[in-house]
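Work through the following exercises with the sequence and the model at hand. Each task is followed by a solution in steps.

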Amino acid sequence: MTDTTLPQSDARAKRNVAVLVLAQAILGAQMPMIFVVGGLAGKQLASNICFATLPISLIIFGSMTTAPWLSPLMQKHGRRAGFFIGAIAGALGAAVAAYGLYVGSFMTLLIGSYFTGIYMSAQGFYRFAATDTASDTFKPKAISYVMAGGLLSAILGPQLNKIVEESFVVPFLGTYLAVMALNLIGMLLFLALDLPKGTRNEPKAVNVAVARSRAELFRDPNILVAMIVGLVAYSLMNLVMTSTPLAVVGCGYSLDHANDIVSAHVLAMFAPSFFTGHLIVRYGVKTIMSTGLVILTAAGLAALSGVGFAEADQPSLTSFYAALILLGLGWNFGFIGATTLLTSSHSASERGVVQGLNDMVVFGSVTMASLASGGLMNCSGGVPIEGWSAVNFAMAPFLVLAAGAIIWLTAKSRKTA
């Protein structure tokens, strides 16, 4: 039965959301797979254990350096072109990384990781594409639904990883080959998107009239706070998640335990997306972002309490599960809230520049977090439990920064009103 009461734009938007949810589920499954094995593969090949998480850092760095050119490219040529570029890069990156594992070359693994970062950047724009044809009231829900597609990737990715990660003599080779297949199959979904074709054929005046300069954009309080909260939520999530497989295995648990914990974490990242958009509409974006910061704080406390009550220098599996589930929930509220605030703070002509700058800033900070994660985890003290404690203590100053930004924006809004 067709709902004829919907505006045409929302009917079109819902079709696009359905396609993007599937893309998030199928292509997105590669990210939990790579995040589970990336640090372990790096530890296997790196000459210095402190560089174990460098393959993950190169993924984030690739995403950061891709966003500034990929976003304007999509504004000019359409989202579909950018999404195809991302999937092709993801397949190429997995192939190169697989070859690096086969020949035992850490540098080749890093090169493949960088190309995977191009895919990661493209995936980050799924949430923005969901709003391109949506009405203002449907935008928060569209973002939320697309992010919910990660719920399926949280199940598919780690479970597929269990099957393929030891399917070859070379450890983790099967993971990267499976990732290559996911990209080549999943990219066909983009043929079903019904999105604007880009601005190639539009008069120049359409895009020049209202666009602000980059300096003016950074001075917009809403854009600035959206970037700060987004980078803090994503950076802290990456900081802790990158270290988790190393901490779990280092504390004597199995790789299957690491897969299950990461799976629970990714489920927690995306499961709330079914209602996060509704909560933003009802309670306001600043309230939801603030709630996300509180939950992220609880995640750090849960991890540290597990260390405090552990026997024989071994945190319990329960503490790992609790910390990573709370970490996912906090990321969901903080990041979706920041994305919603950002999309409501720029015009259509500014979309390419603003979204590209945002993801460059966010993933630039995430790159630093992933680099710090390996150093803190492997080089802070002599045992894994000390590194795990250092990772979670490092969350505190960034949570203070994001909380201060929201308080400043709230005070500024009240003063303006």
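**Exercise 1.** Classify Leu371 as buried, partly exposed or exposed, and list the residues that Leu371 touches beyond four places in sequence.

Solution. The model is a predicted one. Begin with the position: Leu371 belongs to helix α17, which covers residues 351-379. Next, take the relative accessible area, which is 38% for Leu371. Buried requires a value under 20% and exposed a value over 50%. Leu371 is therefore partly exposed. With residues up to four places away in sequence left out, Leu371 touches Thr53, Leu54 and Ser57. As a separate distance check, take Leu371 and Ala271: they lie 100 residues apart in sequence, and their C-alpha atoms are 28 Å apart in space.

**Exercise 2.** Two residues of helix α3 are to be examined, Ser71 and Met64. State whether Ser71 is buried or exposed, do likewise for Met64, and find the contacts of Ser71 and of Met64.

Solution. Helix α3 spans residues 54-77 and includes Ser71; Met64 is also found in α3.

- Step 1: the relative accessible area of Ser71 is 2%, so Ser71 is buried.
- Step 2: the relative accessibility of Met64 is 18%, so Met64 counts as buried. The cut-off that applies here is under 20%.
- Step 3: setting aside neighbours within four places in sequence, Ser71 contacts Phe125, Arg351, Gly352, Gln355 and Gly356.
- Step 4: under the same exclusion of neighbours within four places, Met64 contacts Asp359, Met360, Phe363, Gly364 and Thr367.
- Step 5: a C-alpha separation of 8.6 Å is found between Met64 and Ile118, which are 54 residues apart along the chain.

**Exercise 3.** Describe how α2 and α4 pack: what are the angle and the axis distance, and which residues meet?

Solution. Helix α2 covers residues 30-45 and helix α4 covers residues 79-103. Their packing angle is about 30°, and their axes are 12 Å apart. Angles under 35 degrees count as roughly parallel, and α2 and α4 are therefore roughly parallel to each other. The handedness of the α2 and α4 crossing is left-handed. On the α2 side the contact consists of Gln30, Ala41, Gln44 and Leu45, and these meet Gly90, Gly100 and Leu101 of α4. Sorted by class, the residues where α2 contacts α4 are three nonpolar, four polar and no charged.

**Exercise 4.** Repeat the analysis for α12 with α13.

Solution. The helices are α12, residues 221-250, and α13, residues 255-270; they pack at about 160° with axes 8 Å apart. This angle makes α12 roughly antiparallel to α13. The crossing of α12 past α13 is right-handed. From α12, the residues in the contact are Met237, Met241, Thr244, Pro245, Val248 and Val249; from α13, they are Leu255, His257, Ala258, Ile261, Val262, His265 and Met269. The class count for the contact of α12 with α13 gives 10 nonpolar, three polar and no charged residues.

**Exercise 5.** Carry out the same steps for α7 and α14.

Solution. Helix α7 (residues 139-148) and helix α14 (residues 273-283) have axes 7 Å apart and pack at an angle of about 160°. They are therefore roughly antiparallel to each other, and the crossing of α7 and α14 is right-handed. On the α7 side, Pro140, Lys141, Ser144, Tyr145, Met147 and Ala148 make the contact; on the α14 side, Ser273, Phe274, Phe275, Thr276, Gly277, His278, Ile280 and Val281 do. For the contact of α7 with α14, the classes are eight nonpolar, five polar and one charged.

**Exercise 6.** How many disulfides are there, and is Cys251 buried or exposed?

Solution. A disulfide needs two cysteine sulfur atoms within 2.5 Å. The count by this rule is zero disulfides. Cys251 is in no disulfide, as its nearest cysteine sulfur, that of Cys379, is 16 Å away. With a relative accessible area of 8%, Cys251 is buried.

**Exercise 7.** Locate Phe172 and comment on its phi.

Solution. Phe172 sits in the loop between α8 (150-164) and α9 (173-186). Its phi is near 75°, a positive value in a residue other than glycine. Most residues other than glycine have a negative phi. Phe172 has 8% relative accessibility and so counts as buried.

Conventions
Residues are numbered from 1 along each chain as its sequence is written. This is a predicted model: local features need pLDDT of at least 70, side-chain atom pairs count only at pLDDT 80 or more; totals for chains, interfaces and linings use all residues. Side-chain values use heavy atoms; hydrogens and water are left out. Axes are lines fitted to C-alpha atoms, for helices over the stretch in contact, and angles run from 0 to 180 degrees between N-to-C directions. Helices (H or I, at least four residues) and strands (E, at least two) are DSSP runs, numbered from the N terminus. Angles under 35 degrees count as roughly parallel, over 145 as roughly antiparallel, 65 to 115 as roughly perpendicular and the rest as oblique. A crossing is left-handed if the near helix is turned anticlockwise from the far one by less than a right angle, and right-handed if clockwise. Contact means heavy atoms within 4.5 Å. Ala, Val, Leu, Ile, Met, Phe, Trp, Tyr, Cys and Pro count as nonpolar, Asp, Glu, Lys and Arg as charged, and the others, Gly among them, as polar. Buried means under 20% relative accessible area, exposed over 50%, partly exposed in between (1.4 Å probe, protein chains only).
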